[in-house]
Amino acid sequence: PRSMIMVRHAERVDVTFGQQWLQYSFDRDGTYHRKNLNMPVGVPVRKGGSDGFVKDSPITALGVYQAQLTGEAMREHCQSMTYIYASPALRCVQTAHAILQGARVDSPSIRVEPGLFEWLAWCQNYLPSWMPPADLAAAGLRVDMDYKPILSLSQLDLKEKVGDYYKRSQRVVDDILKQTPPGSLVVLVGHAGTLDACTRQLIGEEPRTSAQLTKIVQKVPYCGVSYAVEDSASSGGSWQIACPPFPPLTHAPNPRFDWRTLRSS
């Protein structure tokens with residue numbers, strides 16, 4: 001039977017350090033400086049400079065490790081992945097890349113799919129300025145340059161309702177499954193809502209309300225995983241949510257330490 005693993009992106013820089021990370025990590029010339037060991041060693045060069053990161057944050061150093069651990073778990077507990085898709089958000093593409101590193105596989109490459117982006121009502125009236133696949137590849141990310149997206153950027157509607165978000169997600173999943181042969185494992189790297197939006201209608205349930213979705217996403221940690229399996233005994237190709245084939249990832253918070261504390265009386 002076919003199976004799908006949905007993964008939320010890894011820890012993001014802007015949530016960990018706040019939006020002010022841009023002000024203290026980039027100098028007047030636009031050069032990036034790593035101000036904390038959990039910040040990325042380097043960041044991709046963007047045509048719009050550091051402003052491009054305002055709504056499109058990279059992941060942290062620990063985020064890379066979270067994703068690599070997830071990839072290692074896939075290598076140990078799962079069959080080889082047939083396809084890996086990612087939301088166009090930088091944090092998702094970087095997470096997918098680190099998963100492939102952890103899985104230690106040469107293929108597949110990441111299929112960047114705009115239709116996997118989160119509910120557009122959370123975008124505050126405008127889409128992020130995502131890096132095009134060519135720029136992602138130039139930054140060293142393993143992107144499939146031959147992939148033709150199911151949905152284009154122009155098809156994303158900022159006015160979509162929560163039901164539209166579920167329909168969009170299901171359309172993407174349906175199209176992915178149409179080109180997925182029996183026995184395949186597909187990995188979708190997206191957002192907290194991806195775990196539910198890409199499986200809810202697949203298992204025959206109705207889309208959730210906005211309040212229900214909000215409660216769900218608040219419970220999904222970085223690199224949280226959901227797992228869906230096709231029922232091989234069913235002639236209709238029914239699916240069910242199942243226990244993921246590997247353990248979850250849990251760790252404690254680690255706040256910033258100010259060495260000046262030791263100078264206090």
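Start with V54, which sits in the loop linking α2 (21-25) and α3 (61-77). Keep in mind that this is a predicted model. V54 counts as partly exposed, because its relative accessibility is 31%, a value between the 20% and 50% cut-offs. On the surface, V54 joins Y126 and L158 in a nonpolar patch, and together they offer about 230 Å² of accessible area.

Follow the chain onward from that loop and you reach α3. This helix has 17 residues and spans 25 Å between its first and last C-alpha, close to the expected 24 Å. Some of its residues are tucked away: G63, Q66, A67, T70, G71, A73 and M74 are the buried ones. Look down the axis of α3 and these buried residues fall within an arc of 155 degrees, so they line one face of the helix. What covers them? Among the elements doing so are β1 (3-8), α4 (90-103) and β4 (185-190).

Now for some backbone oddities. Most residues other than glycine have a negative phi, and most peptide bonds are trans. Past α4, in the loop leading to β3 (110-112), you'll find P108. The peptide bond from S107 to P108 is cis, with omega near 5 degrees.

Two non-glycine residues have a positive phi: N125 at about 80 degrees and C223 at about 60 degrees. Are they buried or exposed? N125, in the loop between β3 and α5 (133-138), is exposed, because its relative accessible area is 73%. C223, in the loop between α8 (210-217) and β5 (225-230), counts as buried, because its relative accessibility is 5%.

Technical notes. Residues numbered from 1 in each chain as written. Predicted model: local features only at pLDDT ≥ 70, side-chain atom pairs only at ≥ 80, totals over all residues. Heavy atoms only, no water. Patch = residues over 30% accessible without salt bridge, like charges linked within 9 Å, V, L, I, M, F, W, Y side chains within 5 Å. Areas by Shrake-Rupley, 256 points an atom, 1.4 Å probe, with all protein chains shown as cover. Salt bridge = Lys/Arg side-chain N within 4 Å of Asp/Glu carboxyl O. Helix = DSSP H or I, 4+ residues; strand = E, 2+ residues; numbered from the N terminus. Buried < 20%, exposed > 50% of the residue type's maximum accessible area, 1.4 Å probe, protein only. Expected span 1.5 Å × (residues − 1). Arc of directions from axis to C-beta. Contact = heavy atoms within 4.5 Å.
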